[in-house]
Amino acid sequence: MKNAVAQVSKELNISRAEAELIVAALLEKPRFELYLKGELDEPRRRALKIKIMQLRKGIPLEYLTKKVQFLNYTLNIYPGVFIPRLETEYFVEIIGRLVKKTPVAILEIGTGSGALAIALSSLFPKSSIIATDISPAALSCARQNIKQYNLEKQIKLVRGDMLNAFSTPFDLIVSNPPYIPDSRLKSLPDSVKYFEPILAIAGGKNGIDFTKRMLLQAVKQITPDGMIAVEIDEDAVDPLKDFIQSDLSAKFLFKKDLFNRNRYLFIGNFNNEKSKDSN
């Protein structure tokens, strides 16, 4: 199998270490097994070759393995469903730090694979979570992941847009909405713009169309001690700040991700943290 590692390294122009990770994922084997005696049989060699060709075309590795790692969870992921990122893992951590009162009722808008809802179920094990999406493919994927971790009683899936289907208040409303400005869509990596769902990516002219509409509804359905948490684009801070101050008149805070980019917006009641983040 070490020959397969060398082949992937050469064809994808990546380091041997990166190639090892890819081959291990594609073959569903621990990394150390790649250097044990024995080579791939012909059917597996052909299958690996096809997958390497697909990677060269830009198809995300997660769509080929049908798996994605999110925090401590190994989740199912399929073409047409947005692939959760490292930024959202850190989003969960910050939510846990900032939430002022343990939420009883949580709403996630745009659940995708269900990664965020599943992570929140561990963070707040006594909460009741409703996770929504308008995509049947996303809801099907999320349903599998929720069932895999026996969370059907805690997380309920609803097909719908925004908060239109709900009249009851929530203690925590979270979302990783589409936020890439139209002007930047063409510059995205091929693996994103050609293979991931555009509805989960495109945020309109300034990248905040969806976010603004959602926030206008969310502020009316959050409890007095509740919090709204949203992922944003780093260039959206100023327009969102103007929007919140003029249209929402609410307490807000921007937080940075692990790469020092403004990535998260919090509205409502939250714990104050000493930081250099914008607010």
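Are F91 and F266 buried or exposed? Let me start there, and please keep in mind throughout that what we are looking at is a predicted model. F91 is buried, and F266 is buried as well.

These two residues also meet each other, since F91 and F266 form an aromatic pair described as tilted, with 6.1 Å from centre to centre and 50° between the planes of the rings. F91 belongs to helix α5, which covers residues 86–98, while F266 belongs to strand β9, residues 262–268, so this pair ties together parts of the chain that are 175 residues apart in sequence. If you look around that pair, you will find that Y90, F91, Y264 and F266 make up one aromatic cluster.

A search of the whole structure finds 6 aromatic pairs. Another pair to look at is F252 with F254, whose ring centres are 5.8 Å apart and whose planes stand at 75°, so this pair is called edge-to-face. F252 and F254 are both buried. A ring can also have a charged neighbour, and here K251 lies over the face of F270, at 4.5 Å from the ring centre.

Let us move on to the sheet. As general background, the strands of a sheet pair through backbone hydrogen bonds, and they may do so in a parallel or an antiparallel way. In our model there is an open sheet of 7 strands, in the order β5-β4-β3-β6-β7-β9-β8, and its pairing is mixed. At the edges stand β5 (155–159) and β8 (252–256), each of which has a single partner strand, so one side of each is left without a neighbour in the sheet. From one strand to the next, the twist averages 20°.

Within this sheet, strand β6 (residues 170–175) and strand β7 (residues 222–231) run parallel and are joined by 5 bridges. One example of a bridge is that of S175, whose partner in β7 is V230. Helix α9, residues 209–218, packs on the sheet, where it touches β3 (105–109), β6, β7 and β9, and its direction makes about 170° with that of β7. Helix α10, residues 237–248, packs on the sheet too, touching β8 and β9, with a direction at about 165° to that of β8.

I would like to finish with V230, which is found in strand β7. How buried is V230? Its relative accessible area is 1%, and V230 therefore counts as buried. Among the residues that V230 touches, leaving aside those up to four places away in sequence, are F91, S175, M214 and Y264.

Note on methods:
Residues numbered from 1 in each chain as written. Predicted model: local features only at pLDDT ≥ 70, side-chain atom pairs only at ≥ 80, totals over all residues. Heavy atoms only, no water. Phe/Tyr/Trp six-rings, centres within 6.5 Å; stacked < 30°, edge-to-face > 60°. Helix = DSSP H or I, 4+ residues; strand = E, 2+ residues; numbered from the N terminus. Buried < 20%, exposed > 50% of the residue type's maximum accessible area, 1.4 Å probe, protein only. Lys NZ or Arg CZ within 6 Å of the ring centre and 35° of its normal. Pairing = 2+ DSSP bridges. Axes fitted to C-alpha atoms, helices over the stretch in contact; angles between N-to-C directions. Contact = heavy atoms within 4.5 Å.
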